[in-house]
Amino acid sequence: MQSLVAKRYARALLEIGVEKSNYAAIQQQVRDLAELFATSATLRVIVANPGVTLDERRKVVDQLSSRMKLDPFVRNFMMLLLDNDRVDHLGAIAQELDELVDVHAGNVRAHVTTASPLKDSQIAVIKGAIAKLTGKNVLLETAIDPDIVGGVVTRVGSTLYDGSVRTQLKTIRDSILDEV
């Protein structure tokens, strides 16, 4: 149920953002709000608590909107979530909006994990290869995991390319055990 709700709200946010030519700003503000709600238990308790009157919760969101200098549209969006008792969907909406904006902007997100830090030239080569493979602009995130021993593990969208030494060793081990 939550993903369907998130998709509907995110699609509406993107459509309005495209219409107003500020979808990137809306995306960032929704992402910032979702992060704030995820990290502030006090804020969640106040805003998502039906024991607190709707007027009080709206005042909190209004003050928050002023402090964060939110676009009036994003402020109204938050009020809509409050009115429809959907604030708990904010994180999923932000995530879905990120995905929709990427599709709209022709971006693809990739996550690369290596055993040691990559040089800028290596990152450029990896981005170029992914861009050639997908035909899209690549938004690359990197991580270090010494447990992979060596090689590279790359996730592009939902596709995983595992070229790690750890996986190669496991494959060799499994094939030896299959022969015994």
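In the predicted model, the count of aromatic pairs comes to 1. The partners are tyrosine 9 and phenylalanine 77, whose ring centres lie 6.0 Å apart with the planes at 70°, so the arrangement is edge-to-face. Distant parts of the chain are linked by this pair: tyrosine 9 belongs to helix α1 and phenylalanine 77 to helix α5, with the two positions 68 residues apart in numbering. Tyrosine 9 has a relative accessible area of 16% and is therefore buried, the limit for that class being under 20%. Phenylalanine 77 likewise counts as buried, at 6% relative accessibility.

Phenylalanine 77 also belongs to the largest nonpolar core, which comprises 29 residues. Together with Val30, Phe37 and Leu90, Phe77 is among the residues with the most contacts inside this core. At least two core residues come from each of the helices α1 (2-19), α2 (23-39), α3 (41-47), α4 (54-68), α5 (72-83) and α6 (90-105). The greatest contribution is that of α5, which supplies 7 residues.

The surroundings of valine 30 were examined with its neighbours within four places in sequence set aside. On that basis, valine 30 is in contact with Leu13, Val74, Phe77, Leu90, Ala94 and Leu97. Two of these partners, Phe77 and Leu90, are themselves listed with Val30 among the residues with the most contacts inside the core.

A second core, separate from the one described above, consists of 7 residues. Its members include Val108, Val112, Val138 and Val156.

Methods
Residues are numbered from 1 along each chain as its sequence is written. This is a predicted model: local features need pLDDT of at least 70, side-chain atom pairs count only at pLDDT 80 or more; totals for chains, interfaces and linings use all residues. Side-chain values use heavy atoms; hydrogens and water are left out. A nonpolar core is a set of buried Ala, Val, Leu, Ile, Met, Phe, Trp, Tyr and Cys residues joined through side-chain atoms within 4.5 Å. Buried means under 20% relative accessible area, exposed over 50%, partly exposed in between (1.4 Å probe, protein chains only). Helices (H or I, at least four residues) and strands (E, at least two) are DSSP runs, numbered from the N terminus. Contact means heavy atoms within 4.5 Å. Rings of Phe, Tyr and Trp (its six-membered ring) pair if their centres lie within 6.5 Å; planes under 30 degrees apart count as stacked, over 60 as edge-to-face and the rest as tilted.
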